Amino acid sequence: MRASSLRAAPTRALNCVTRPHSQARPFTALSVCDRATTTRTVSRSCALQRASRWPRTPGPVSVPARTFIRDDKNPNATSRTAPRFAFAFDIDGVLLHVAKPIPGATETLEYLQRHDIPFILLTNGGGKHERERVEELSQRLGVSLSTDNFIQSHTPFQELVDRSWSSNPTDQQLQKSVEDALEKKSGLADKNVLITGSDAAKSRLIAEAYGFRSVITPADILVSHPSIFPFNPLLKSHYEATARPLPSLDNLKFDAIFVFNDPRDWALDTQIITDLLLSQNGVLGTYSPRNGRSEHENDGWQTDGQPDLYFSNHDLFWSASYHLPRFGQGAFQAALAGIWRQITGGQAEMKRSTIGKPHARTYGYAERVLAKWRAALLEKNKSGAGVGSGTETGGAQPLNRVYMVGDNPESDIRGANEYVSPEGTEWNSILVKTGVYSQDRDGEPKHRPTAVVDDVKGAVEWALEREGWR
């Protein structure tokens with residue numbers, strides 16, 4: 001971040017707390033209803049300040065490296081109430097670098113858990129079921145985590161099992177009213193859906209765990225009908241090992257296409273997806289007579305019952321072990337859209353729905369998960385029982401603020417900056433320097449964060465001080 005755009009950081013010195021770490025031990029991913037009640041230190045003593053007391057500044061605050069607020073309360077005391085602020089953390093580049101914890105990440109999550117400060121893990125990663133990924137993260141970070149406050153890029157696809165999405169990604173009440181009026185479910189549970197990803201066979205198992213019951217992969221189609229892709233498949237043995245038989249391509253109709261995470265065989269996936277977008281009524285092997293006809297809306301393209309196309313994120317890059325960022329799912333989406341423009345002669349953009357960060361649908365989903373999690377914490381403190389996954393928001397007041405901590409200005413920061421909460425919750429963005437973003441390489445980000453910090457520990461420390469947490 002360029003120095004000229006920065007506002008002076010708060011200068012009040014903070015006391016240091018030394019927290020010894022125990023030896024590494026295995027953890028199991030827990031549903032929140034299975035978590036044992038843990039002890040917490042007491043909550044902050046002062047009331048939260050209103051958002052209006054912190055007007056947005058022309059540029060982000062640059063926060064120097066600091067240490068956690070003194071944690072000298074009784075370690076066996078229980079928090080009186082979960083506060084009305086919360087955190088959302090990206091994972092890769094914020095909590096982990098490849099498979100190793102970023103310094104301070106474990107300590108940060110432990111601190112939040114001990115104080116009943118709500119948080120979620122919100123990642124554009126995917127390709128594994130939430131239970132598997134949470135168990136893996138728990139082991140790597142040394143912190144017991146839950147599937148109930150964990151969101152991958154494809155997690156919101158679960159909603160499409162039982163219902164369709166309204167055009168307004170945050171208007172859940174409108175969606176419910178439409179469904180009530182129809183007096184029927186409009187989901188995809190029993191309809192044919194095409195699913196691909198880094199491992200399409202594994203993505204199929206995830207989709208089936210979500211509740212989709214008729215899931216087909218590109219491998220199923222290729223193995224049953226090799227002529228659809230007249231090239232020597234580089235992954236032939238993998239396809240033959242994972243494909244399920246299809247009786248016939250005749251009248252094989254698809255109602256949706258899902259890209260769960262970064263595809264590996266772009267050529268095969270592009271061919272089959274394009275065939276379906278050109279089809280009549282979603283039947284593979286057909287061609288719509290409306291395509292390219294100017295008398296129809298959108299010159300006829302994707303107006304003849306073709307399947308809806310869903311991408312779980314649009315990240316062009318992500319941070320891996322290589323010293324430069326690597327292509328993500330957004331690169332595949334851009335390539336497919338470019339081919340579509342060539343096919344249509346530039347007459348039409350490819351119609352698709354993209355979720356994940358920075359899109360509002362994912363931030364709305366995350367806010368609902370956070371609200372439910374906070375309500376569960378409040379109920380736990382009230383009853384003295386464990387946190388229950390079935391707890392709804394009840395009469396809990398909406399969150400005042402959510403701090404999105406991320407390393408990618410194009411997804412994490414942009415999403416938090418642009419999201420407008422239907423509950424009036426203010427989203428703030430904090431950019432860390434441990435992942436995709438590089439000040440030397442990238443300069444000032446296009447989407448300017450509320451604050452720029454060295455790492456996740458500095459991000460939480462800055463937010464806690466801002467909230468007056470003691």
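How many of the 470 residues of the protein chain count as buried? The share is 52%. Keep that in mind as you start, and remember that you are looking at a predicted model.

**The whole chain**

Begin with a cartoon view of everything. The protein chain has twelve helices and 16 strands. Now switch on the surface: the chain exposes about 21,000 Å², and carbon and sulfur atoms supply 50% of that area. If you like contact maps, here is a number to go with one. Among contacts with a separation of 6 or more, 74% are between residues 24 or more positions apart.

**Stop 1: the largest nonpolar core**

Select Phe87, Phe89, Leu95, Leu121, Leu145, Val405 and Ile430. In the largest nonpolar core, which has 33 residues, these touch the most other members. Next, colour the elements that each supply at least two residues of this core, including strand 2 (85-89), helix 1 (105-114), strand 14 (401-406) and strand 15 (426-432). Then add helix 12, which gives the largest share, six residues.

Zoom in on Leu95 and show what surrounds it. Leaving aside residues up to four places away in sequence, Leu95 touches Phe89, Asp90, Lys100, Pro101, Ile102, Ala105, Leu109, Leu121, Leu141 and Val456.

Elsewhere there is a second, separate core of 30 residues; select Leu222, Phe254, Ile257 and Phe311 to find some of its members.

**Stop 2: aromatic rings**

Show the side chains of Phe, Tyr and Trp. The count of aromatic pairs comes to 22. Centre on Phe85 and Phe87: their ring centres are 6.2 Å apart and their planes meet at 85°, so this pair is edge-to-face. Both Phe85 and Phe87 are buried.

Move on to Phe229 and Phe231, another edge-to-face pair, with 5.1 Å from centre to centre and 65° between the planes. Which of the two is buried and which is exposed? Phe229 is buried, with a relative accessible area of 9%, whereas Phe231 is exposed, at 53%.

Before leaving the rings, select Phe85, Phe87, Phe89, Phe119, Tyr403, Trp462 and Trp469 together. Ring pairs link these residues into a cluster.

**Stop 3: an open sheet**

Return to the cartoon and pick out strands 8, 7, 9, 10 and 13. In that order they make an open sheet of five strands, with parallel pairing. Which strands sit at the edges? Strand 8 (215-216) and strand 13 are the edge strands, each pairing on one side only.

Look closely at the strand 8 side. Strand 7 (residues 193-196) pairs with strand 8 in the parallel sense over two bridges. Select Val193 and you will find its bridge partner, Val215, in strand 8. Helix 4 (residues 200-210) packs on the sheet here, touching strand 7 and strand 8, and its direction makes about 130° with that of strand 7.

Now find helix 8 (residues 329-343), which also packs on the sheet. Helix 8 touches strand 9 (256-259), strand 10 and strand 13, and its direction makes about 150° with that of strand 10.

**Stop 4: Leu309**

Stay with strand 10 (residues 308-311) and select Leu309, which lies in it. Is Leu309 buried or exposed? With a relative accessible area of 2%, Leu309 is buried, because the cut-off for buried is under 20%. Its contacts, not counting residues up to four places away in sequence, are Ile257, Ile273, Leu277, Leu336, Met350, Lys351, Arg352 and Ser353. Draw a distance from Leu309 to Met350: the two are 41 residues apart in sequence, and 9.2 Å apart in space from C-alpha to C-alpha.

**Stop 5: backbone details**

Most residues other than glycine have a negative phi, and most peptide bonds are trans. The last selections depart from that pattern.

Select Asn298, in the loop between helix 7 (266-277) and strand 10. Phi of Asn298 is positive, near 60°, and the residue is partly exposed, at 26% relative accessibility. Gln302 lies in the loop between helix 7 and strand 10 as well. Its phi is also positive, near 55°, but Gln302 counts as buried, at 12% relative accessibility.

Finish at Pro358, in the loop between strand 13 (353-354) and helix 9 (360-383). What kind of peptide bond joins Lys357 and Pro358? The bond is cis, with omega about 15°.

Key: Residues numbered from 1 in each chain as written. Predicted model: local features only at pLDDT ≥ 70, side-chain atom pairs only at ≥ 80, totals over all residues. Heavy atoms only, no water. Helix = DSSP H or I, 4+ residues; strand = E, 2+ residues; numbered from the N terminus. Buried < 20%, exposed > 50% of the residue type's maximum accessible area, 1.4 Å probe, protein only. Contact = heavy atoms within 4.5 Å. Core = buried A, V, L, I, M, F, W, Y, C linked by side-chain atoms within 4.5 Å. Phe/Tyr/Trp six-rings, centres within 6.5 Å; stacked < 30°, edge-to-face > 60°. Pairing = 2+ DSSP bridges. Axes fitted to C-alpha atoms, helices over the stretch in contact; angles between N-to-C directions. Areas by Shrake-Rupley, 256 points an atom, 1.4 Å probe, with all protein chains shown as cover.
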